Amino acid sequence: MEGWIVLLHEYVDGRDADLSPGSPDVPLVLDTLVVLNEALTPCPGEVPEVAVNIAGLQAKAASLLAGELPYRAMLEQVRRRFGRCSYPGSRC
């Protein structure tokens, strides 16, 4: 779809990294960031830099942290029309 950027993420079972000073997780996280930087520089495709969208990303993050669900009205309309779990592959 033109103008859309889609990100897909795979769920990895595990725990959050401990980023406190002296944690053995910190070097592993830093090593991972180095690998990602090398793999994604220059940026593949025509994806805008984060700096271009930072204000919008910060606003979305603030609303999510406040417990707000973006597009709640649209979601509720879809649920009323089609039922909560009417899409293929849903596990509700």
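A pocket is an open set of grid points, on a 1 Å grid over the protein atoms alone, with protein on both sides within 12 Å along at least five of seven lines. In the predicted model described here, the largest pocket holds about 590 Å³ of space. Of the 13 residues that line this pocket, Leu7, Val47, Pro48, Val50 and Asn53 are the closest to its centre. By residue class, the lining of the largest pocket comprises 9 nonpolar, 2 polar and 2 charged residues.

The chain contains 3 helices and 0 strands, and the pattern read along the sequence is accordingly given as α-α-α. Of the 92 residues that make up the chain, 3% count as buried. Two residues that fall into the buried class, aspartate 25 and serine 63, are described in turn below.

Aspartate 25 is found in helix H1, which spans residues 25-39. The relative accessible area of aspartate 25 is 9%, and because buried means under 20%, this residue is assigned to the buried class. When residues up to four places away in sequence are not counted, aspartate 25 touches Arg15, Asp16, Ala17 and Asp18. With one of these residues, aspartate 18, the contact involves the backbone, in that the backbone nitrogen of aspartate 18 lies 2.7 Å from a polar atom of the side chain of aspartate 25.

With arginine 15, the side chain of aspartate 25 forms a salt bridge, at an N to O distance of 2.7 Å. Aspartate 25 lies in helix H1, whereas arginine 15 lies in the segment before H1, so the pair ties together parts that are 10 residues apart in sequence. The count of salt bridges in the model comes to 1. The two partners belong to opposite accessibility classes: aspartate 25 counts as buried at 9% relative accessibility, while arginine 15, at 63%, counts as exposed because the cut-off for that class is over 50%.

Serine 63 is placed in helix H2, which covers residues 50-65. With a relative accessible area of 17%, serine 63 is buried, because this value, too, is under 20%. The side chain of serine 63 reaches the backbone oxygen of lysine 60 at 2.9 Å. In both buried residues, then, the side chain takes part in a pairing with a backbone atom, namely the nitrogen of aspartate 18 in the case of aspartate 25 and the oxygen of lysine 60 in the case of serine 63.

Definitions and conventions: Residues numbered from 1 in each chain as written. Predicted model: local features only at pLDDT ≥ 70, side-chain atom pairs only at ≥ 80, totals over all residues. Heavy atoms only, no water. Helix = DSSP H or I, 4+ residues; strand = E, 2+ residues; numbered from the N terminus. Buried < 20%, exposed > 50% of the residue type's maximum accessible area, 1.4 Å probe, protein only. Polar contact = N/O pair within 3.5 Å; in protein donor to acceptor, adjacent residues only side chain to side chain. Contact = heavy atoms within 4.5 Å. 1 Å grid on protein atoms, 1.4 Å probe; cavity = no way out; pocket = protein on both sides within 12 Å on 5 of 7 lines; lining within 4 Å. Points joined across faces, edges and corners; volume = space filled by probe spheres on them. Nonpolar A, V, L, I, M, F, W, Y, C, P; charged D, E, K, R; others polar. Salt bridge = Lys/Arg side-chain N within 4 Å of Asp/Glu carboxyl O.
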